[in-house]
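Biologist: I am new to this structure and would like to look closely at a single part before anything else. Please take me through it slowly.

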Amino acid sequence: MVATAQDAVPDDIGALRAALTAALARAEDEAARAALVEAELAVARAKASDDAALIAHQDLTIRKLQRALHGQSSERSARLHDQMELTFEELESTATEDEIAAEQAAARTTEVAPYVRKRPARQPFPEHLPRERVVEPAPTACHCCGGHRLRRLGEDITETLEVVPRQWKVIQHVREKFTCRDCEAISQAPAPFHATPRGWAGPGLLAMILFEKFGQHQPLNRQAERYAREGVPLSLSTLGDQVGAGAAVLMPLFRRLEAHVLAASRLHGDDTTVPVLAKGKTDTGRLWTYVRDDRPFGGADPPAVVFYYSRDRRGEHPAAHLAGWSGILQADAYGGYGDLYAAGRQPAPILEASCWAHSRRKVFELADIEAAARKKARGEKPNLVYPLAVEAVKRIDALFDIEREINGLSPAQRRAVRQERSVPLVTGLERWMIETRDKLSRGHDLTKAFNYMLRRWSSFTRFLDDGRICLSNNAAERALRGIALGRKSWLFCGSDRGGQRAAVLYSLIVSAKLNDVDPQAWLADILARIAAHPAQRIDDLLPWNWRSAKLRTNQRRPDHAAQ
């Protein structure tokens, strides 16, 4: 019996080993199948995410093309496009994340190929960026045979875009003193210019502070917190000193900008609210803007804008702003402009040109089907939608379609097209609005919207006889857009003087943007030069002249390098 048991042991071990081997094989098969399923799911998920991102991108592109071809389909289309862009950003990030997950899952199996998204060809990095050449260590032996007889055949370059964090530095201006052996007088170079008397901020730093506050809507307290985290503690009062000094130094440039704007024969005018801190409360001030932009009728003069601040919205303010000016003012139907249009005004009456986009907005609110549907879905009382309002919007949009075709032509060409194509549409619109209004009650919403236009019909139709006039006042509304965005960040102006400083800096920064000039680079350069710059040549520092000078300088540099 003992011998028999001993003979059976090896058989039991062999069976156990076989069973373990089979179990391991099954476990490996199950793991492989699990990895295969996981990889297939990851690839499918990556494909679905890629499709969603592609659909969102195509939808956004189609909406933008439709808006460019046919005009705004909604007064809120710009905001909806921004929301679509945010959605597209999230879908794009999700698709890339799923692609990486699919690649990692496919690496754990040999049966599933990794999923690679189709991306558009990447544009090369800008040529003006400096290139840092990093040569990777060359191989010392052949990867195939191990031989050492290697000869250089060429090279492949892989470019990586990188950023260097902001660096702070202190510049020491050393002014040596010399004494005269003849008269014992001491001679020394003058101290460097600072915007603040006995100041310390360089032009680059001062430009950054100003642009961050008025161009990027970053209040000084947030700037101070960020600078402190970077190891440069600057108090709020110190930064405030620099803003006041910068505004004072740039005032001559603002005056020249103001003179350029008020030399135009046609201006866009508008205003927006600005909260102003008061004792125990916040008052509502105003920022007024006047925009000179002759590009729609092919004008050669550069565009520019000036802002003014006031504590209220009384009509005396635009009367003071435009006291010595006469021409065509494109604005809304604000009653405070009434004195400007008076027949006996000196030096001459200002001609009113009303904004068709503003009047369209009043009608569109009564034709917005989407807004009514959204309110109904939220359980709110929807606005009434009138088919007659939809018809009015279509008739007005036909005028905007013509305007897009003639944008940039000369005044004579624009007038000729308007006389041929726009006059019949305007005449038909007037007749249709009168007939429709007479069928409605006096208190009807459409009656009010139609009366808004019909009572000012001469100012609405003035564009038909003058090719310089635009159909809308969008140029002024675009100039005010940054202020509307900034209100959510800086909340209010600290005082009336603060509002006046804001008007000066907004004028400079927005005018620079209108001329495709980097505001911060421009401010840094002129703050470094303005102290020694001749007063009679202050116009050279205006954004369009500064840009032209920079372009000429850049064009000459290759010639000097070749020499």
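Where is the place of Pro347?

Modeller: In this predicted model, Pro347 has its place in the loop between strand 6 (328-331) and strand 7 (351-354). The peptide bond that joins Gln346 to Pro347 is cis, and its omega is near 10°. As general background, most peptide bonds are trans, and most residues other than glycine have a negative phi.

That second tendency leads to two other places in the chain. Glu184, which is not a glycine, has a positive phi of about 70°, and this residue is found in the loop between strand 1 (177-179) and strand 2 (186-188). Asp516, which follows helix 15, also has a positive phi, near 55°.

Helix 15 itself (residues 496-514) packs with helix 6 (residues 251-261) at an angle of about 65°, the two axes being 10 Å apart, and helix 6 passes helix 15 in a left-handed crossing. On the side of helix 6, Met251, Leu253, Phe254 and Leu257 take part, and they meet Ala503, Val504, Ser507, Leu508 and Ser511 of helix 15. Sorted by class, the residues of this contact are seven nonpolar and two polar, with no charged ones. The length of helix 15 can be checked as well: because each residue should add 1.5 Å, its 19 residues should span 27 Å, and the end C-alpha atoms are indeed 27 Å apart, which agrees.

Elsewhere, the second largest pocket holds about 1200 Å³ of space. Its lining consists of 27 residues, with Arg133, Val134, Val135, Ile157 and Thr158 lying nearest the centre, and by class this lining has 14 nonpolar, three polar and ten charged residues.

Technical notes: Residues are numbered from 1 along each chain as its sequence is written. This is a predicted model: local features need pLDDT of at least 70, side-chain atom pairs count only at pLDDT 80 or more; totals for chains, interfaces and linings use all residues. Side-chain values use heavy atoms; hydrogens and water are left out. Axes are lines fitted to C-alpha atoms, for helices over the stretch in contact, and angles run from 0 to 180 degrees between N-to-C directions. Helices (H or I, at least four residues) and strands (E, at least two) are DSSP runs, numbered from the N terminus. A crossing is left-handed if the near helix is turned anticlockwise from the far one by less than a right angle, and right-handed if clockwise. Contact means heavy atoms within 4.5 Å. Ala, Val, Leu, Ile, Met, Phe, Trp, Tyr, Cys and Pro count as nonpolar, Asp, Glu, Lys and Arg as charged, and the others, Gly among them, as polar. The expected span of a helix is 1.5 Å times one less than its number of residues. On a 1 Å grid over the protein atoms alone, a cavity is a set of points where a 1.4 Å probe fits but cannot get out, and a pocket is an open set with protein on both sides within 12 Å along at least five of seven lines; lining residues have an atom within 4 Å of a point. Grid points are joined across faces, edges and corners, and a volume is the space filled by probe spheres set on the points.
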